Amino acid sequence: MVNDTISDMLTRIRNANVASKTCVSIPKTKVHINIAKILEREGFIESFTIPTESETEFKLNLKYILNSGSKNAKKPCITNLKRISTPGLRIYTNYKDIPKSFGGMGIVIISTSKGLMTDREAREEKIGGEILCSVW
């Protein structure tokens with residue numbers, strides 16, 4: 001039984017990237033679907049399938065960039081995923097103290113009272129919340 005489903009999702013994506021898989025299966029929850037929407041909007045993944053009512057998992061299509069140095073070498077768009085707030089230690093912040101991921105090149109996903117959003121959107125809305133993870 002997995003207690004931290006967000007960490008499980010990030011680990012599945014990380015493992016699929018290391019194995020150069022094009023698709024990864026993720027358990028269906030509202031939070032996972034919202035994280036997938038953010039990752040797709042920000043250009044970290046290619047796409048994902050929206051699951052039907054009866055499905056328990058959905059597919060996430062990973063995005064790769066062709067490396068110009070060698071033949072057929074693919075470099076993943078997601079370099080690293082890091083879980084920040086855990087079930088044992090929740091990390092909350094106001095909008096002024098939201099950290100930047102990788103010098104602004106990556107994103108930080110925050111759970112706010114208005115739903116999940118990136119660090120840029122939260123600063124724009126001037127709203128804080130729980131820092132879930134960072135992606136770069």
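This passage walks through the strand pairing and helix packing in a predicted model.

Start with the open sheet of three strands, where the order is 1-3-2 and the pairing is antiparallel. Strand 1 (23-27) and strand 2 (45-48) sit at the edges, each pairing on one side only. From one strand to the next, the twist averages 30°. Strand 3 (residues 57-62) lines up with strand 1 in the antiparallel sense, and five bridges hold the pairing. To pick out one of these contacts, Ser 25 has Lys 59 in strand 3 as its bridge partner.

Two helices lie across these strands. Helix 1 (residues 5-18) lies across strand 1 and strand 3, and runs at about 170° to strand 1. Helix 2 (residues 30-41) lies across strand 1, strand 2 and strand 3, this time running at about 140° to strand 2.

Further along the chain, strand 10 (residues 129-135) is worth a look. Strand 10 is mostly covered, with seven of its seven residues buried. Its pairings include an antiparallel one with strand 6 (residues 81-83), joined by three bridges; here Leu 81 is matched with Val 135 of strand 10. Strand 7 (residues 92-93) also pairs with strand 10 in the antiparallel sense, over two bridges, and Thr 93 stands opposite Gly 129. Strand 8 (residues 107-112) runs antiparallel to strand 10 as well, and five bridges join the two. Within that pairing, Ile 110 has Ile 131 of strand 10 as its bridge partner. As a general reminder for reading such pairings, the strands of a sheet are held in register through backbone hydrogen bonds, either parallel or antiparallel.

How values were computed: Residues are numbered from 1 along each chain as its sequence is written. This is a predicted model: local features need pLDDT of at least 70, side-chain atom pairs count only at pLDDT 80 or more; totals for chains, interfaces and linings use all residues. Side-chain values use heavy atoms; hydrogens and water are left out. Two strands pair if DSSP finds at least two bridges between them. Helices (H or I, at least four residues) and strands (E, at least two) are DSSP runs, numbered from the N terminus. Axes are lines fitted to C-alpha atoms, for helices over the stretch in contact, and angles run from 0 to 180 degrees between N-to-C directions. Contact means heavy atoms within 4.5 Å. Buried means under 20% relative accessible area, exposed over 50%, partly exposed in between (1.4 Å probe, protein chains only).
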